[in-house]
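This report examines how one helix is placed within a protein chain. Please consult the sequence and the structure shown below while reading.

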Amino acid sequence: MKIIGIDPGLRRTGFGIITRSGQQLRYIASGVIKTPDADLPQRLGVIFDGIRALLSEHTPAHAAVERVFVNVNPNATLLLGQARGAAVCALVAGGVQVHEYTALQLKQAVVGYGRARKEQIQHMVGQLLQLHSLPGPDAADALGVAICHAHSGDALAALGNRAPAFTKKGLRMRRGRLIGPISNLRPIR
């Protein structure tokens, strides 16, 4: 399975491409898409075109994108959201399955600690992918979100496949917890 990870940014959008065969992860490519000092529509176009070029060159089946967190500065959050939107649109237009992960999920999957620093992510990405040199921070985050998907994608897919069976029994998920009528639940023995 080939996965592209995207760390969206308006000035620098990180990307990382890996493959997973069984439990083995292999590095393919990484880097950043740099946007010029131009108006917003041109920058978004550069992000869109850059990702489409990566898709045509590497043909990944899955994409993992870091979710935007709400920043102290609402304007910066909106701009970051637009860069993320351009990236997601390019992935969807390229026919790739898009999966989203928070920064906390990325850090826990790569470092094992949800408050890991950028340097720790860079170091662990280098270790996990057996790289000879450390990737830059944006590329490391993108590779990290791809690794996060490689580790959790199967579990999420299995849960997604079970969801229709839960729904038929009157069960549903709320805030990550299974809820529903007690009569449908069997005791654990």
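Two residues are in contact when heavy atoms of theirs lie within 4.5 Å. In this predicted model, Ile47 is in contact with Gly9, Leu10, Thr13, Ile33, Thr35, Ala83, Ala86 and Ala87, leaving aside its neighbours within four places in sequence.

Ile47 is one of the buried residues of helix 1, and the others are Arg43, Leu44, Gly50, Ile51, Leu54, Leu55 and His58. Seen down the helix axis, these buried residues fall within an arc of 135°, so they line one face of helix 1. On the other side of the helix, Pro41, Asp49, Ser56 and Glu57 are exposed.

The buried residues of helix 1 pack against the following elements.

| Element | Residues |
|---|---|
| strand 1 | 2-7 |
| strand 2 | 12-21 |
| strand 3 | 24-34 |
| helix 2 | 74-93 |

Helix 1 itself covers residues 40-58. Its 19 residues should span 27 Å at 1.5 Å a residue, and its end C-alpha atoms are 27 Å apart, which agrees.

At His58, which belongs to helix 1, the relative accessible area is 12%. Because buried means under 20%, His58 counts as buried. Not counting residues up to four places away in sequence, His58 touches Lys2, Ile17, Ile28 and Ala29. Just after helix 1, Thr59 takes a positive phi of about 45°.

The largest nonpolar core has 20 residues, of which Ile4, Ile6, Ile47, Ile51, Leu55 and Leu91 touch the most other members. Strand 1, strand 2, helix 1, strand 4 (62-66) and helix 2 each supply at least two residues of this core. Helix 2 gives the largest share, six residues.

Key: Residues are numbered from 1 along each chain as its sequence is written. This is a predicted model: local features need pLDDT of at least 70, side-chain atom pairs count only at pLDDT 80 or more; totals for chains, interfaces and linings use all residues. Side-chain values use heavy atoms; hydrogens and water are left out. Helices (H or I, at least four residues) and strands (E, at least two) are DSSP runs, numbered from the N terminus. Buried means under 20% relative accessible area, exposed over 50%, partly exposed in between (1.4 Å probe, protein chains only). The expected span of a helix is 1.5 Å times one less than its number of residues. The arc is that of the directions from the helix axis to the C-beta atoms. A nonpolar core is a set of buried Ala, Val, Leu, Ile, Met, Phe, Trp, Tyr and Cys residues joined through side-chain atoms within 4.5 Å.
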